[in-house]
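Work through the exercises below with the structure open. Try each task before you read its solution.

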Amino acid sequence: MKQLLRKNFALLLALALVLGLFPNSISAEEDSNQNNNENAISSEINLDPVVDRDLIEDFKENSDVPDIYGTTPETTYTFEVNGETIQPGESIYIYSSPDMQPVISTEENFADVSALSEVSPAAVGVNSIGIQPVLNPQGGTSKITAGMGVTKVVGSKPVLVGVNYVLKKAMTKGGTPQVISRTSDNITFPGVGSSTQKNIALSGVGYYSVTFEVSVHYPKEIVPLVSSSSTLLLSKTARPWPGDYVDPVSGKRITDPVSLTWTKATSPVKWTDTERKAFRTWYQTTYNVPNYNWSDVEIHHIQPREFGGSNSNSNLIPIKKSIHKLYSAFFAGYK
């Protein structure tokens, strides 16, 4: 009996050991498989990327296409008052009272009475108004929109804000502007959001600017303000000059037209595939760009053929089609 019990005990002990070890062996195998899978995933992540050589060559070829302006095109006006420049969307502030000299500033913090105490002992009761000049060329209409809005009123409200829009024009860059026209308007009892706006007719191509002659009428005083805009070169259809352009391959530059008095050519030179191919060949040879990509590029005449320009290489420059459209739109309203 004792011998039978010993055999059974030995059998049970062996069975317990087997049952205890078998799960561990399964876990070890699963851990081994998991580690192998993780290593496989890790090796897949660390694989070197597949390089598309054709794509790289296409990128190199397309990188030769000019895609930059030498300067940012100027299509909006800035303003100047008391020697300070006002950006589009900014306001000019006038602080005044009958007991002090008016203060004209580009800073709104002059509304603080303590800031005015240095200007005048009688700072209490100071009135202030913020005005915002606006000037936008209306491309395709031969007009320019001049306007003025009220952005702030503190203290006594003015009885009237009057403005004269004085349109000026020069025929050369930096030349002395001549007065073309004057247009007047006013805002009665102006409040925040009040505005005035006038469409002013242009007079042919030129360098245009507008002077705002403002007068703020209070019951006991009138405060004058003069603000002059920057100058923009506009066609007769109010298309702004697109800006200078630099060809990154040749370094050739398109700048403002050397003359605003070019006349229409009675017989413009012809521009055919023959002339186009001749320039392309010359350009690629001269600047050593045999694989130059012409797919999105057009050839621009710096002095247009319609105004006496030639097909000489010195008058030609390759530019992107999207940029060429801007120059074409300007010269369509040149005369």
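Three short exercises on this predicted model follow.

**Exercise 1. Find where Glu84 lies, and decide whether Glu84 is buried, partly exposed or exposed.**

Solution.
- Step 1: Locate the residue. Glu84 belongs to strand 2, which covers residues 84-86.
- Step 2: Read its relative accessible area. The value for Glu84 is 36%.
- Step 3: Apply the cut-offs. Buried means under 20% and exposed means over 50%. Glu84 is therefore partly exposed.

**Exercise 2. Which residues does Glu84 contact, leaving aside its neighbours within four places in sequence?**

Solution.
- Step 1: List the partners. They are Phe79 and Thr106.
- Step 2: Take Thr106 and compare sequence with space. Glu84 and Thr106 are 22 residues apart in sequence. Their C-alpha atoms are 7.4 Å apart.
- Step 3: Look at the side chains. A polar contact of 2.7 Å links those of Glu84 and Thr106.

**Exercise 3. Describe Asn82 and Asn288 by backbone angle, place and exposure.**

Solution.
- Step 1: Check phi. For Asn82 the angle is near 55°, a positive value in a residue other than glycine. For Asn288, phi is also positive, near 55°.
- Step 2: Place each residue. Asn82 sits in the loop between strand 1 (79-81) and strand 2. Asn288 sits in the loop between helix 4 (273-286) and strand 15 (297-301).
- Step 3: Judge exposure. Exposed means over 50% relative accessible area. Asn82 has 58% relative accessibility, so Asn82 counts as exposed. Asn288 has 64%, so Asn288 counts as exposed.

Key: Residues numbered from 1 in each chain as written. Predicted model: local features only at pLDDT ≥ 70, side-chain atom pairs only at ≥ 80, totals over all residues. Heavy atoms only, no water. Helix = DSSP H or I, 4+ residues; strand = E, 2+ residues; numbered from the N terminus. Buried < 20%, exposed > 50% of the residue type's maximum accessible area, 1.4 Å probe, protein only. Contact = heavy atoms within 4.5 Å. Polar contact = N/O pair within 3.5 Å; in protein donor to acceptor, adjacent residues only side chain to side chain.
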